[in-house]
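User: I would like to learn how to read the features of a protein model, one at a time. Could you take me through them slowly?

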Amino acid sequence: MQTEHLNHQAGPRGIHRVTVYAASSRALAPAYYQAATRVGEVLAEAGKTIVFGGGGAGLMGAMADGALSRGAQVYGIVPSFLQELELSHAGLTGLEIVADMRTRKHRMLEESDAVVTLPGGCGTYEEVFEALTLKRLGLWLGPVVLVNTNGFYDRFLDFLEHSVRERFMGEAHARMWNVVREPEEVVEALHGAQAWDRDALSFANVGD
Ligand code: AMP
C-alpha cells in the first residue's frame, strides 16, 4: 500500500475535508454524545466535508447525525465485515466499503486536509497515532485537533508530554496536535494550527 505523501495540499488555509475519529461506544455519559453532535454541527456550519469510520453508533453516529442535520456531506469508510454486521450509519452521503481495517484507516486519511479526534477507545487511539506518526515523518501534513470533552484526554496528553520530556519525541513534535475543550473551538483550532511540511522528516529523529 502506498503511504507516502498522503496529502500534498494540507495547510491552515486549505481545510475542506476533515476526518473525524470517534468512539463506537453506546455506553457513555450523555455529555459526550452532545459534544459529538455539536462537533458535527459546527463542522457542517463551517462548510467542511466530513469523512469518518461510517459507524451509526457511539460518538461516530452522534457526530454524523449533527453534521447531516446541518447539511454537510458526510462520507463513511467501512470495512466489509462491519458492513455485513449492519453497524454502518444509514443516512450518509456516501459509504465506501473497503477490504479491511488497514485500508480503511489509510483511506480515511488520504485526501483529508485535517483530523479531529473526539474521545474514544483503542480504535480512536490507533487512528490518531497513525495520523501523528505520518505527520512526524512529513508524510501527512494536516492539523490534528483533539476535542477534550470533560477532560477525557487529560491523561493522554500528560503521557504525550511525558514522551517529549523523556526525549522520545522532540519539543517540535508537541506542536503536531492542538487541544480544545469545546466543540465551538474546533474550527478556529483547525485554521490556527501551526503549518507543517515535508521538512518534518529532517527532525523526525530526536537526537540527530
Ligand atoms: P473505538 O474508539 O475503539 O470505539 O473505535 C472507534 C474508531 O474505530 C472509529 O473512529 C472508527 O473508525 C473505528 N470503528 C470501531 N468500531 C467501529 C464500528 N462499529 N463501525 C465503524 N467504525 C468503527
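Analyst: Let us start with one residue, Leu87, which sits in the loop between α3 (80–84) and β4 (94–98); helices (H or I, at least four residues) and strands (E, at least two) are DSSP runs, numbered from the N terminus. This is a predicted model, in which local features need pLDDT of at least 70 and side-chain atom pairs count only at pLDDT 80 or more, while totals for chains, interfaces and linings use all residues. Residues are numbered from 1 along each chain as its sequence is written, and side-chain values use heavy atoms, with hydrogens and water left out.

User: Is Leu87 buried, partly exposed or exposed?

Analyst: The general idea is a scale of relative accessible area, on which buried means under 20%, exposed means over 50%, and partly exposed lies in between (1.4 Å probe, protein chains only). Leu87 has a relative accessible area of 40%, and is therefore partly exposed.

User: Which residues form a nonpolar patch with Leu87 on the surface?

Analyst: Patches are made of residues with over 30% relative accessible area and no salt bridge, where like charges are joined within 9 Å and nonpolar side chains (Val, Leu, Ile, Met, Phe, Trp, Tyr) within 5 Å. Here Leu87 is joined by Phe81, Leu85 and Met101, and together the patch has about 380 Å² of accessible area, a quantity that comes from the Shrake-Rupley method with a 1.4 Å probe, where for residues only the protein chains shown count as cover.

User: How many salt bridges are there?

Analyst: A salt bridge is a side-chain nitrogen of Lys or Arg within 4 Å of a carboxyl oxygen of Asp or Glu, and by this rule the count comes to 10. One of them joins the side chains of Arg70 and Glu45, at 2.3 Å from N to O. This pair links distant parts of the chain, 25 residues apart, with Arg70 in the loop between α2 (58–69) and β3 (74–79) and Glu45 in helix α1 (residues 30–45). Arg70 counts as partly exposed because its relative accessibility is 41%, and Glu45, at 48%, is partly exposed as well.

User: Which residues are linked in a network of salt bridges?

Analyst: The network links Arg17, Glu96, Arg107, Glu110 and Glu111. Within it, the side chains of Glu96 and Arg107 meet at 2.8 Å, N to O, and this pair also links distant parts of the chain, with Glu96 in strand β4 and Arg107 in helix α4, 11 residues apart. Arg107 forms a salt bridge with Glu111 too, where the closest N and O atoms are 3.1 Å apart. Arg107 is buried, because its relative accessible area is 18%, whereas Glu96 is partly exposed at 27% and Glu111 is partly exposed at 43%. Glu111 also takes a positive phi of about 70°, just after α4.

User: How much space lies in the largest pocket?

Analyst: On a 1 Å grid over the protein atoms alone, a pocket is an open set of points where a 1.4 Å probe fits, with protein on both sides within 12 Å along at least five of seven lines, and lining residues have an atom within 4 Å of a point. The largest pocket holds about 390 Å³ of space. Of the 23 residues that line this pocket, the closest to its centre are Ala22, Ser24, Met60, Leu82 and Arg104. The largest share of the lining, 4 residues, comes from α5.

Terms used: Points joined across faces, edges and corners; volume = space filled by probe spheres on them.
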